[in-house]
Structure formats: C-alpha cells, structure tokens
Amino acid sequence: MTGIILILCALSIPGDVSEFDLSNGIHVISRTVQGGEVEGVSVFLVGGSRFLEDSTQGIEAFALECAMAGSRRYPDHMWREITDSTLAQWSASYNYDYSRYHLKCLSEDLALLIDGFADCLINPELSPSAVARIRSSQVSAASAELEDPDNRVWLVANRGFMGEGHPYLLRPEGVPETIASFSAEDAGNWLRRRIMAGNLVITHAGPTGPGELRDILEGTFGAVPRGRDTIPPVPAFIFPRDTTVAEMEDISTSYMVVKFQAPPPGHGDQAAFSIACGVIDELLWQVLRTDNALTYAAYAGSTTSYVQNWGYMYSSTSEPERASQLMAQIFTQVAGGDAGEALVTGVANGQRTIEGIRAQSMDAQCHMLGYGHIAAGDWTLAYRLQEAYSGITPEEAGEALALWAEGGAWGIITEQDSHQPELAPLKGE
C-alpha cells in the first residue's frame with residue numbers, strides 16, 4: 001500500500017513548467033525534468049479532421065510522414081544516418097483534433113535533431129522513392145484496419161453516434177482510396193498551407209532548461225512562417241437516442257460497440273464519469289465473460305482528450321442480443337449509483353496509479369502538456385483530472401454517467417445470414 005500512496009502523491013501539478021512564445025508566435029510549453037539525459041519534444045499541428053474533406057482524408061498524415069523522410073539540408077540518406085547514429089526515436093499520431101510528431105533523444109543530440117526536425121517541415125525533400133514508400137505503407141495499414149471487423153466496428157458506431165457531416169467521421173489516417181491518390185505535389189501544397197506558426201504547439205520534457213530550449217527552437221522553428229488558420233469549433237454529437245447501425249459480413253462472431261456522450265475536457269464531471277466507465281469495465285468482464293461465458297473480450301472506457309469526448313462499451317460475442325441486454329443492465333446499475341464503494345475506490349486508485357506510472361515517460365509528459373493546452377487551453381488539465389479521481393463516491397460516478405449519457409448509439413458487425421439483432425436500449429424503455 002505504501003508504494004501506491006507514493007505514486008498517487010507524485011501526481012500533483014508540477015511546478016517546473018514554463019510557457020513562452022517564439023518570435024514568430026509558436027507557443028512552447030516546457031517541463032524541466034532533472035536527473036537524466038533523455039529529452040522529449042512534441043510538435044502538434046492543431047486542427048485535425050476539421051481541415052479534411054472526404055477526398056483529402058489522410059493528406060496531413062501523408063504529408064507529414066513524407067516531410068519527415070528528409071529535407072533539403074538533411075536529405076533522405078543523411079537524415080537516416082543522423083537518426084541511426086544518435087539512436088533518436090520518432091513517433092507520430094494523427095487524431096481528430098491534431099497531428100503530433102514526437103522526438104526522443106539524448107540531450108547532447110537535441111540541437112542537431114531539432115534543426116533537422118524543423119527543416120523537414122519547412123523545406124521537405126519529398127523524394128520520389130520516399131513518397132512512394134510512405135504511400136504504399138499507409139495504404140496497407142488503412143486496408144488492414146478496414147478489413148478487420150474488430151477494428152472497423154468502431155467506425156460503424158461512429159456513423160450512428162456522431163451525426164451526418166461531423167468532422168470526426170473523417171479518418172485522419174486516411175482510407176486506401178484517398179491515400180493512393182496523393183502525390184508529392186499534394187504533400188508539398190498541404191505543408192505550405194498548414195505549417196504556420198499559429199497552427200503549431202511545441203511541448204518539451206527533459207533536462208534542458210527553458211532558456212537553452214528557447215535558443216534552440218528560435219534558431220530552428222523560429223523560421224516557420226507567421227500566420228494561423230481559423231479553426232472551426234467541433235460540433236456536438238447528434239444522434240437519435242438508442243440507435244443502431246449494422247453491417248452484415250460472413251463471420252460467426254459479432255463485434256459490437258455502444259458509444260455515449262461524455263463531458264468535455266476540463267468539465268467538473270469528467271473525473272466521476274471516467275471512474276464510472278472504469279467500473280463498467282470491471283463489471284463487463286465479470287458478468288459477460290465469467291458469469292455467462294458470452295464473450296472472449298469485453299471492456300469499457302471513456303476518451304478524455306478530445307474537444308468532444310465519449311464513453312463506450314465493447315463486446316465480441318455469438319449472442320449479441322443477450323450480451324447487449326447485460327451491458328445495458330450494467331450501465332443502469334452504475335448510473336444508479338449501485339456499484340459499491342469498494343469497487344469505485346479500487347477503480348479510482350488503480351486508474352490513478354496506472355496513469356501515474358505511464359506519465360513518467362517524456363513522451364507522455366509532452367502529450368499531457370500539449371493536449372491539455374489544445375483541448376481546454378490549460379496544460380494542467382491531465383494532472384488535475386488525475387487528482388480529481390480521489391474520493392469519488394458511487395453516487396457521484398452514477399450521477400455523472402446518467403447526466404451525460406442520455407442514450408447510446410450501437411455499431412455492430414454481425415453474421416451475414418442472420419437477422420439484424422435488436423440491441424438493448426442503453427437506459428431501458
């Protein structure tokens with residue numbers, strides 16, 4: 001128990017965070033982490049799917065991956081040699097609200113790698129071989145996602161949950177047809193359009209102090225052109241209460257997801273709602289798997305870092321109607337505050353501990369600083385959310401769940417020769 005207490009206490013809002021703007025307007029958030037030599041730097045390109053259309057799904061991911069293959073001053077072969085010799089690690093993620101490229105390296109290599117990082121974005125080489133390689137890889141990944149019903153069911157649920165025309169229906173990673181159509185010219189045009197100082201946020205976690213970091217960034221990312229896009233707001237999810245979208249396929253197992261509205265980032269109900277979904281997660285496994293042998297996989301959770309969030313329950317089963325009835329019963333139990341104090345406390349402590357351990361990496365620190373600023377204008381968001389898990393009662397968790405989740409949108413991929421299952425209303429009749 002002592003170890004858990006130490007971890008939980010370590011999740012207080014850090015005091016070693018600095019914020020500043022580069023001369024061109026790029027906002028920087030830096031946490032100085034002493035006692036090591038590992039640096040993390042993330043560059044966020046804000047806007048995400050709000051800047052996409054059906055025909056351009058995946059263009060930003062494609063353009064950024066092509067750019068990061070090399071620049072005019074650091075051509076493909078040289079950039080690979082630098083990355084290999086420094087053992088630098090690069091990772092990227094593309095979601096509904098922003099694209100993020102992250103660098104992990106040693107302090108002694110930070111200035112060199114940041115220089116190359118910036119030059120790749122501003123002056124990309126876009127060599128034909130690199131563009132072709134990236135296009136092929138992304139088409140393969142997008143095709144694999146859509147071919148797997150266990151992955152695709154989430155997109156099926158989105159069609160019922162998000163409402164026609166919602167930007168979150170567009171795939172930031174792209175779909176095979178759009179990715180296959182992109183050219184080096186398309187990538188270059190997109191980068192010129194979007195890589196502007198006001199569209200970028202840079203976060204850092206590591207031993208380099210804010211003064212030295214500012215100097216490094218000013219001499220590199222300070223060359224990014226001024227300007228910004230007007231980013232439209234994310235519309236609310238609009239869906240008929242307890243709707244179902246189904247796809248039929250030649251499979252023997254049904255895959256189903258139900259999504260429901262969640263509090264936005266920074267809302268006072270967010271912690272209680274998150275714990276309620278964690279309690280549902282515990283009960284789903286017990287009821288569907290252990291007690292009724294209806295599934296080999298069942299879980300629940302909630303997103304917390306998008307401008308518009310949601311909760312969800314998932315199950316794979318050969319008896320979807322029966323499974324949905326039990327899932328709805330579990331939801332009703334938790335929403336009614338009838339989960340039990342010990343279970344709620346255990347979920348809250350476990351969630352804080354897991355997130356606290358995860359947050360020790362420089363990668364996670366950079367992400368926490370960035371998404372808090374982007375989603376709610378407050379980099380402390382993730383830290384405050386973790387602190388708020390303490391002391392939540394079953395009644396508080398239930399009230400938050402019942403208030404926000406007025407109904408659910410089911411997505412299901414099921415057996416082609418069967419009738420469309422009648423899935424249980426989330427809150428009953």
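**Close-up 1. Y101 and F117, both buried, form an aromatic pair**. Buried means under 20% relative accessible area, exposed over 50%, and partly exposed in between (1.4 Å probe, protein chains only). The model is predicted: local features need pLDDT of at least 70, side-chain atom pairs count only at pLDDT 80 or more, and totals for chains, interfaces and linings use all residues. Residues are numbered from 1 along each chain as its sequence is written, and side-chain values use heavy atoms, with hydrogens and water left out. Y74, W79, W90, Y101, F117 and F221 make up one aromatic cluster.

**Close-up 2. Y96 and Y306 as one of 24 aromatic pairs**. Rings of Phe, Tyr and Trp (its six-membered ring) pair if their centres lie within 6.5 Å; planes under 30 degrees apart count as stacked, over 60 as edge-to-face and the rest as tilted. The rings of Y96 and Y306 are edge-to-face, at 5.4 Å centre to centre and 65 degrees between the planes. Y96 lies in the loop between β4 (89–94) and β5 (98–106), and Y306 in the loop between β9 (295–302) and β10 (310–317), so the pair ties together parts 210 residues apart in sequence. Helices (H or I, at least four residues) and strands (E, at least two) are DSSP runs, numbered from the N terminus. Y96 is buried at 7% relative accessibility, and Y306 is buried at 16%.

**Close-up 3. The salt bridge between R73 and D119**. A salt bridge is a side-chain nitrogen of Lys or Arg within 4 Å of a carboxyl oxygen of Asp or Glu; the structure holds 14 of them. The N to O distance between R73 and D119 is 3.7 Å. R73 lies in the loop between α2 (59–67) and α3 (76–86) and D119 in helix α4, so this salt bridge ties together parts 46 residues apart in sequence. R73 is partly exposed, with a relative accessible area of 45%, whereas D119 is buried, at 6%.

**Close-up 4. A network of salt bridges linking R152, R159, E247 and E249**. Within this network, the side chains of E247 and R159 meet at 3.1 Å, N to O. E247 is in strand β7 and R159 in helix α6 (residues 149–161), 88 residues apart. Both are partly exposed: E247 has a relative accessible area of 22% and R159 one of 44%.

**Close-up 5. The salt bridge between D378 and R384**. The two side chains meet at 2.7 Å, N to O. D378 is partly exposed, with a relative accessible area of 23%. R384 also counts as partly exposed, at 33%.

**Close-up 6. A surface patch of negative charge formed by E341, E395, E396 and E399**. Patches are made of residues with over 30% relative accessible area and no salt bridge, like charges being joined within 9 Å. Helix α15 (residues 394–404) contributes the largest share of the patch, 3 residues. E395, placed in helix α15, is partly exposed at 45% relative accessibility.

**Close-up 7. P240 in the loop between α9 (210–218) and β7 (243–249)**. P240 is exposed, with a relative accessible area of 53%. P240 and T83 are 157 residues apart in sequence, and their C-alpha atoms are 50 Å apart in space.

Methods:
Patches are made of residues with over 30% relative accessible area and no salt bridge: like charges are joined within 9 Å, nonpolar side chains (Val, Leu, Ile, Met, Phe, Trp, Tyr) within 5 Å. Accessible areas come from the Shrake-Rupley method with a 1.4 Å probe; for residues, only the protein chains shown count as cover. Lys and Arg count as positive and Asp and Glu as negative; His and the chain ends are not counted. The place of a charge is taken as NZ of Lys, CZ of Arg, CG of Asp or CD of Glu.
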